[in-house]
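Trainee: Could you walk me slowly through one part of this model, the sheets and what surrounds them? I would like the cut-offs spelled out as you go.

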Amino acid sequence: MKPTWWPGEQHEAFTEWALSQGVIANGVSPARFPGRGLGMIATRRIEKDEAIVTVPHEAMLTPSRIPSSFSSRLPEGTPTHALYAAYLTNGDSADLEPYDLWRRTWPTRADFEACMPILWTEAPPHEELLPPSISGQWSTIPPQRCAHDYETTHQNLLAQQQQRLRRDWDIVISAFPNTEWERFSYHWLIVNTRSFYYLLPGQEAPEDRNDAMALLPFADYFNHSDVACNVKFDGQNYVFRAAKEYDEGEEIYMSYGPHPNDFLFTEYGFYLEENESETLYLDTIIFKDVDPALQEELEFHQYLGNYQLTASGVCYRTEIAASMTYMTLKDWQNHVLGYSMKGVDEEKSASVIRNWINTYIGEADTTIRHLESLPSAGDDQLRPEMAQMLLTRWKQIRHICLRALDAIPC
């Protein structure tokens with residue numbers, strides 16, 4: 001009799017194949033979790049630091065596994081991400097045949113369409129319903145122009161992802177003009193959501209970490225959590241060790257990195273109920289209160305942008321921006337340089353920050369009301385599962401803002 005978590009015949013067949021390739025599964029198995037899809041489960045009690053999955057280099061899909069007859073058709077300097085997606089889309093069927101059992105366990109394009117914002121925008125479902133860190137848009141605030149460019153790793157996420165995908169698409173169709181967009185974008189997302197950091201000992205890390213990636217059979221069953229496996233690649237094996245003790249039947253996780261929920265939502269199509277790395281950004285809200293001349297001052301003193309809001313309050317950069325709204329420029333400059341506290345008023349700063357947070361709450365309330373007003377069957381563009389993901393995420397955002405308000409002195 002199969003256990004209740006049995007993942008199905010195709011996953012069982014793939015597991016047998018993975019083991020035949022040298023993968024070691026020690027007390028773990030792929031499993032189906034009701035309402036949450038696939039993951040990795042402990043099939044017995046597992047001790048802390050025990051090696052539970054080992055993937056040998058020979059079993060991994062790396063750039064060196066792609067035939068040179070294929071890779072040489074792409075321009076020099078082609079991103080690794082584009083190379084993998086191109087190969088999975090246009091590679092010779094005989095070369096790809098060894099991976100058939102593995103590929104049958106991957107999510108379908110329909111699975112991605114249900115959870116990946118980048119595919120929602122192909123038939124746009126009101127992009128303003130996405131969180132601002134993803135879309136870069138606000139429904140209650142006019143667009144704000146910043147006087148200077150600055151790096152926003154965890155903002156404007158969708159535009160950055162779209163830019164990478166379109167760049168890779170343009171490269172690939174230059175070599176394979178008959179490439180189908182749906183198949184290529186599907187495989188691009190497979191690589192994006194299932195790859196692991198891959199750097200051989202002695203290799204210099206690339207400027208773009210997306211150029212240091214490999215696909216690992218079996219290990220890609222791990223879901224993400226803050227409490228995750230200890231992972232190490234020594235050039236011969238990728239080894240996953242238990243970060244704590246697990247009882248039989250518990251799900252075992254790995255970490256995809258310390259990312260806020262909006263990043264996880266954009267890149268992987270999910271977010272966590274509780275996320276220690278949860279962060280929102282107040283940049284657009286703040287820039288409406290700070291004119292270009294003051295933005296110039298912020299940039300000069302290296303305080304421009306990336307104003308973080310967490311459940312415990314706001315970052316020091318936000319406090320600096322808040323003090324600028326009521327201090328004289330000279331007093332503010334002396335304060336930033338550490339020369340003087342003249343003009344600093346903690347109550348005024350707290351009031352400014354509370355107004356900024358309340359603006360974010362207003363955005364959340366507006367979007368939540370809109371999402372709750374949609375018919376249960378959804379509309380022509382926004383399917384029910386998309387609407388529910390967005391609604392839950394916006395309620396998380398509102399809760400974070402309320403907790404941050406509680407942390408700001410009245």
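Mentor: Happy to; here is a tour that begins with the sheets and then moves to rings, charges and burial.

First, the ground rules. This is a predicted model, in which local features need pLDDT of at least 70, side-chain atom pairs count only at pLDDT 80 or more, and totals for chains, interfaces and linings use all residues. Residues are numbered from 1 along each chain as its sequence is written, and side-chain values use heavy atoms, with hydrogens and water left out.

The chain has 17 helices and 13 strands. Here helices (H or I, at least four residues) and strands (E, at least two) are DSSP runs, numbered from the N terminus. Its radius of gyration is 24 Å, close to the 22 Å that the globule rule gives for 410 residues, so the chain is as compact as a globular protein of that length. That radius is taken over C-alpha atoms, and the globule rule is 2.2 Å times the number of residues to the power 0.38.

Now the sheet with mixed pairing. Four strands form this open sheet, in the order 2-3-10-7. Strand 2 and strand 7 (223-224) are its edges, each with a single partner strand, so one side of each is left without a neighbour in the sheet. Two strands count as paired if DSSP finds at least two bridges between them. Strands of a sheet pair through backbone hydrogen bonds, either parallel or antiparallel.

Follow the order across. Strand 2 (residues 28-33) and strand 3 (residues 37-42) run antiparallel and are joined by six bridges. Phe33 stands opposite Gly37 in strand 3. Three residues lie between the strands of this hairpin, and Gly35 takes a positive phi near 80 degrees there. Strand 3 then pairs with strand 10 (residues 251-254), again in the antiparallel sense, over two bridges. Met40 has Ile252 in strand 10 as its bridge partner. The pairing of strand 7 with strand 10 is parallel and also has two bridges, with Asn223 bridged to Tyr253 in strand 10.

A second open sheet has three strands in the order 11-12-13, with antiparallel pairing. Strand 11 (280-281) and strand 13 (313-314) stand at the edges, each with a single partner strand, so each has one side without a neighbour in the sheet. Two bridges hold strand 12 (residues 308-310) and strand 13 in antiparallel pairing, and Thr310 stands opposite Gly313 in strand 13.

Strand 12 and strand 13 also lead us to helix 14 (residues 316-324). In that helix, Thr318, Ile320, Ala321, Ala322, Ser323 and Met324 are buried, which stands for under 20% relative accessible area (exposed is over 50%, partly exposed in between; 1.4 Å probe, protein chains only). The cover over these buried residues includes strand 12, strand 13, helix 12 (283-287), helix 13 (292-300), helix 15 (329-336) and helix 16 (346-373).

In the loop between helix 13 and strand 12 you will find His301. His301 counts as buried at 14% relative accessibility. Leaving aside neighbours within four places in sequence, His301 is in contact (heavy atoms within 4.5 Å) with Trp332, Gln333, Val336 and Leu337.

Next, the rings. The structure holds 27 aromatic pairs. Rings of Phe, Tyr and Trp (its six-membered ring) pair if their centres lie within 6.5 Å; planes under 30 degrees apart count as stacked, over 60 as edge-to-face and the rest as tilted. Trp17 and Trp102 have ring centres 6.4 Å apart and planes at 25 degrees, so this pair is stacked. The pair links distant parts of the chain, with Trp17 in helix 1 (residues 9-20) and Trp102 in helix 5 (residues 100-103), 85 residues apart. Both Trp17 and Trp102 are buried. The rings of Phe70 and Phe176 have their centres 4.9 Å apart and their planes at 15 degrees, so they are stacked too. Phe70 is in helix 2 (residues 68-71) and Phe176 in the loop between helix 9 (157-175) and helix 10 (181-194), 106 residues apart. Phe70 is buried, with a relative accessible area of 7%, and Phe176 is buried, with a relative accessible area of 7%. One aromatic cluster is formed by Phe14, Trp17, Tyr99, Trp102, Trp106, Phe218 and Tyr221.

Last, two charges sit over rings, a term that asks for NZ of Lys or CZ of Arg within 6 Å of the ring centre and within 35 degrees of the ring normal. Arg166 lies over the face of Trp181, at 4.3 Å from the ring centre, and Lys244 lies over the face of Tyr246, at 4.1 Å.
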